[in-house]
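Biologist: Could you take me through one part of this model up close? I'd like to look at the place where the ligand sits and what surrounds it.

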Amino acid sequence: MEKVYEGKAKIVYKHQDPDKYILYFKDTATAFDATKKAEIAGKGELNNTISSLIFELLEKKGIRTHFIRKLSQREMLVWRARRFDVEVVVRNLSAGSLCKRLGIEEGKVLSKPLVEFFYKRDELHDPLLCYEHIILLGLLKEEQISILKGMALKTNQILVEFFKEHGLLLVDFKLEFGELPDGNIGIVDEISPDTCRLWDLKTGEKLDKDRFRFDLGDLTEGYKKVLERIQTL
Ligand SMILES: Nc1ncnc2c1ncn2[C@@H]1O[C@H](COP(=O)(O)OP(=O)(O)O)[C@@H](O)[C@H]1O
Ligand SMILES: [Mg+2]
């Protein structure tokens, strides 16, 4: 298969259909701008499986995504997108960079979900963008900003409820978006414990990539718990 791009967590391969890509989920874990890095057996498979389940759920609920189907343990077939160079973060509780930047304690319930845009550029350390920055840089048009914000909030509603039903608290998550071959905007990339903060609803145990960031325990143990919970419907 011909490689299009190799990132920190996945490899993108061409498909015989030029409108499609194959995403290969690696076992590599990175944090803090990839200054911390490790190979964690089983991570790729878990993220592909969890991500596929979530994309199926979102599609069922009417949210457009790039997902076509899970091809194998580590591979996902997706629509090729013209990806926007932004990362959209939705937060329900304070954590991570929000706490650091604004001096908020972790775990505070926000009065309403917060949507933030970040510039997807590793060499600049993915800086926070305000509305005018997005327009200035030509990253998105005004109407696209509204569409992404609307889709992100709808996705949040669906996922908060879904995870709650399975005993999990969705603290925050990151989405990427792109223009799909049919011209519609869809969610791309992955939605997994690498890109979501998920806490056990009862015990508060962290089951996501913060385990790796802050050495809180075995990473795959957490991801396995997430998968076990959301698989039982
Ligand atoms: N459907 C898609 N079309 C085009 N690009 C995509 C699609 N889904 C994901 N991508 C991009 O492919 C790359 C996936 O590899 P990843 O390891 O996450 O990279 P990175 O280190 O840049 O985050 C990312 O740059 C992501 O934005
Ligand atoms: Mg990525």
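**Between the two domains**

Modeller: Let's start with the two halves: about 2500 Å² is buried between domain 1 and domain 2, and carbon and sulfur atoms give 63% of that area. Keep in mind that this is a predicted model. The chain splits into domain 1, residues 3-79, and domain 2, residues 82-218. Their C-alpha centres are 17 Å apart, and 29 residues of domain 1 touch 28 residues of domain 2.

So where does ligand 1 come in? Both domains give residues to the shell around ligand 1, so ligand 1 lies between them. There are 17 residues around ligand 1, and the ones that come nearest are Tyr5, Lys8, Ala9, Lys10 and Glu176. Sort the shell by class and you get eight nonpolar, two polar and seven charged residues. Two strands are worth finding on your screen: β2 (10-14) and β7 (75-79) each supply at least two residues of that shell.

Now zoom in on individual atoms. Tyr5 has a polar side-chain atom 2.8 Å from an oxygen atom of ligand 1. Over at Glu176, a polar side-chain atom sits 2.5 Å from an oxygen atom of ligand 1. With Ala81 it's the backbone that takes part: one of its polar backbone atoms is 3.0 Å from a nitrogen atom of ligand 1. As for how covered the ligand is, ligand 1 taken alone exposes 550 Å², and the protein buries 92% of that.

Terms used. Residues are numbered from 1 along each chain as its sequence is written. Chains are lettered from A and ligands numbered from 1 in the order in which they are written. This is a predicted model: local features need pLDDT of at least 70, side-chain atom pairs count only at pLDDT 80 or more; totals for chains, interfaces and linings use all residues. Side-chain values use heavy atoms; hydrogens and water are left out. A residue is near a molecule or strand if one of its heavy atoms lies within 4 Å of it. A polar contact is a pair of N or O atoms within 3.5 Å; within protein, one must be able to donate a hydrogen and the other to accept it, and residues adjacent in sequence count only if both atoms are side-chain atoms. Accessible areas come from the Shrake-Rupley method with a 1.4 Å probe; for residues, only the protein chains shown count as cover. Helices (H or I, at least four residues) and strands (E, at least two) are DSSP runs, numbered from the N terminus. Ala, Val, Leu, Ile, Met, Phe, Trp, Tyr, Cys and Pro count as nonpolar, Asp, Glu, Lys and Arg as charged, and the others, Gly among them, as polar. Domain bounds come from an automatic or database domain assignment. Contact means heavy atoms within 4.5 Å. Buried area is the accessible area (1.4 Å probe) that two parts lose on being put together, summed over both.
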